[in-house]
Amino acid sequence: MEKILIIDDNHDICLLLERFLSKQGYKTASVQRGDDGLALLRKEAFELVICDFKLPDIDGLEMLRRIKVMHPTTAVIIITGYSDVRMAVQTVKHGAYDYVTKPLYPDEILYTIKAALERRTQSLNQAKVVSQNNTATTKTAPAKPSVAKTVLTPDGKRFIFGKSRASEQLQEHIDLIAPTDMSVIITGETGTGKEFVANAIHLKSKRSDKPFVAIDCGALSKDLAGSELFGHVKGSFTGAMSDKAGSFEFANGGTIFLDEIGNLSYDNQIKLLRVLQERKIRRIGSNQDIPVDVRIIVATNEDLREAVRQGKFREDIYHRIAEFEMHLSPLRERKADIMIFAEHFLESANQQLEKDILGFEEEVKEKLKNYYWHGNLRELQNVVKRAVLLTKGDYIESDVLPQEIITPQYLTSDDASISSVQISFDPARPGVPVFSQSAANLKSVSENAERAAILKVLEKTGYNKTKAAEVLNIDRKTLYNKLKAYDIHL
């Protein structure tokens with residue numbers, strides 16, 4: 001009998017759901033506070049958790065993260081009284097199966113529960129098959145495969161490697177570094193898959209059965225970063241209503257991934273150094289040290305060595321985390337991988353959008369291979385998903401691709417420096433521009449163009465960063481990094 005835990009501060013909803021689901025053959029339990037739910041989850045495992053987004057003690061996203069840390073394979077459905085697309089995207093991004101708004105309808109919630117449990121069973125079966133195949137592969141030691149390699153995470157997410165030389169080298173490095181406890185720096189442009197590589201290292205390590213906790217340092221406010229990373233005790237600052245464990249405690253025994261580590265404040269860099277040196281953390285407001293055993297993997301799209309030279313990043317931390325460095329090449333330099341990833345994203349989009357697109361027209365393949373891919377894998381994924389949504393036939397055609405891919409515009413800006421650049425096209429290589437200026441000058445020209453474009457959009461949106469990021473089709477973190485890089489102060 002599958003067990004379902006209901007967490008909702010509304011007693012009536014808990015009671016109704018328990019009665020309804022018990023009649024459907026499920027074993028149920030319910031609590032009305034997040035802490036009580038987590039305490040129950042520490043004692044026993046549940047196949048599914050139905051959790052209210054607005055709890056009196058813990059935020060819904062925080063609950064979701066903690067549940068996934070304790071039980072990665074547990075399916076989670078978030079329920080709330082507010083319909084918000086952004087909130088829905090956030091919950092799914094953090095591992096929820098689905099997001100259901102109140103009022104709850106019996107048929108709808110039952111359908112969602114059955115689908116979540118079925119997806120969970122499929123994921124567990126796939127993980128078992130992959131594990132068995134990996135064991136057999138290790139014993140027979142076959143020749144290196146010539147096709148893309150698949151990695152399946154415990155929660156059922158499937159990632160692939162490409163087959164270019166850069167991807168093969170990346171696989172070799174992951175296989176080499178994973179069994180060790182060495183700290184790793186992963187560098188590369190935004191969207192190249194740094195978190196995926198960190199997860200792959202964890203899955204191949206001796207810590208694979210322990211938590212993998214990913215923290216986006218760029219999204220942490222200066223005031224709350226210390227609490228998020230190291231935890232706090234009740235009353236340590238305004239709003240600290242109860243004790244809270246930090247990410248390092250959640251990751252104990254496993255791996256913590258610090259994305260955009262260069263954005264950590266100087267104070268938190270000092271606290272991180274203490275963890276690296278002594279393997280102990282201290283919650284904010286506490287005098288008690290807590291020993292932690294974590295492997296640290298960090299990522300950045302900026303040059304940390306330059307940040308050290310400028311005094312923005314501590315040199316002693318850099319040398320402690322730089323035991324092994326891995327650089328992820330941009331997608332435009334791995335043309336052999338583009339269609340492998342495109343086919344993978346096509347399969348994912350078909351499942352998400354409930355469509356059955358068979359593939360890409362040859363013309364589309366050529367355009368995808370020749371595009372610059374400023375946003376790398378993340379941009380490719382978005383393009384393919386949009387194309388799947390718009391496609392009415394069996395194959396994706398060029399008319400559903402974004403205009404910038406159909407007819408690339410390499411430089412568009414009102415910046416005066418653009419006028420001195422003469423662009424022509426090589427007849428033997430359609431779509432490939434030839435610049436009369438040197439490559440060194442081209443870099444400054446493109447940077448000026450991007451800076452001018454960002455300033456123009458900010459002005460039109462009344463300097464609203466959220467709206468500006470939407471217009472520019474980038475996330476807020478990327479926009480903040482651009483503002484910092486171009487010394488734009490608002």
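Two strands pair if DSSP finds at least two bridges between them. The views below come from a predicted model.

**View 1. Five strands, E9-E12-E15-E8-E16, make an open sheet.** The pairing in this sheet is parallel. Strands E9 (212–216) and E16 (324–328) stand at the edges. Each has a single partner strand, so one side of each is left without a neighbour in the sheet. From one strand to the next, the twist averages 20 degrees.

**View 2. Strand E8 joins E16.** Strand E8 covers residues 184–188 and runs parallel to E16. Five bridges link the two. Valine 184 has phenylalanine 324 of E16 as its bridge partner.

**View 3. Another open sheet has the order E2-E1-E3-E4-E5.** Its five strands pair in parallel. Strands E2 (27–31) and E5 (98–101) stand at the edges, each with a single partner strand, so each has one side without a neighbour in the sheet. Neighbouring strands are turned by 20 degrees against each other on average, direction ignored.

**View 4. Strands E4 and E5 pair over four bridges.** Strand E4 spans residues 75–80, and the pairing is parallel. Threonine 80 stands opposite threonine 101 in E5.

**View 5. Helices H1 and H2 meet strands of the sheet.** Helix H1 (residues 11–23) lies across E1 (3–7), E2 and E3. Helix H1 runs at about 175 degrees to E2. Helix H2 (residues 34–43) packs on the sheet and touches E1, E2 and E3. The direction of H2 makes about 160 degrees with that of E1.

**View 6. Aspartate 52 lies in strand E3 (residues 48–52).** Its relative accessible area is 3%, so aspartate 52 is buried. A polar atom of its side chain lies 3.5 Å from the backbone nitrogen of lysine 54. Beyond its neighbours within four places in sequence, the contacts of aspartate 52 include Asp8, Thr80 and Lys102.

Terms used. Residues are numbered from 1 along each chain as its sequence is written. This is a predicted model: local features need pLDDT of at least 70, side-chain atom pairs count only at pLDDT 80 or more; totals for chains, interfaces and linings use all residues. Side-chain values use heavy atoms; hydrogens and water are left out. Buried means under 20% relative accessible area, exposed over 50%, partly exposed in between (1.4 Å probe, protein chains only). A polar contact is a pair of N or O atoms within 3.5 Å; within protein, one must be able to donate a hydrogen and the other to accept it, and residues adjacent in sequence count only if both atoms are side-chain atoms. Contact means heavy atoms within 4.5 Å. Axes are lines fitted to C-alpha atoms, for helices over the stretch in contact, and angles run from 0 to 180 degrees between N-to-C directions.
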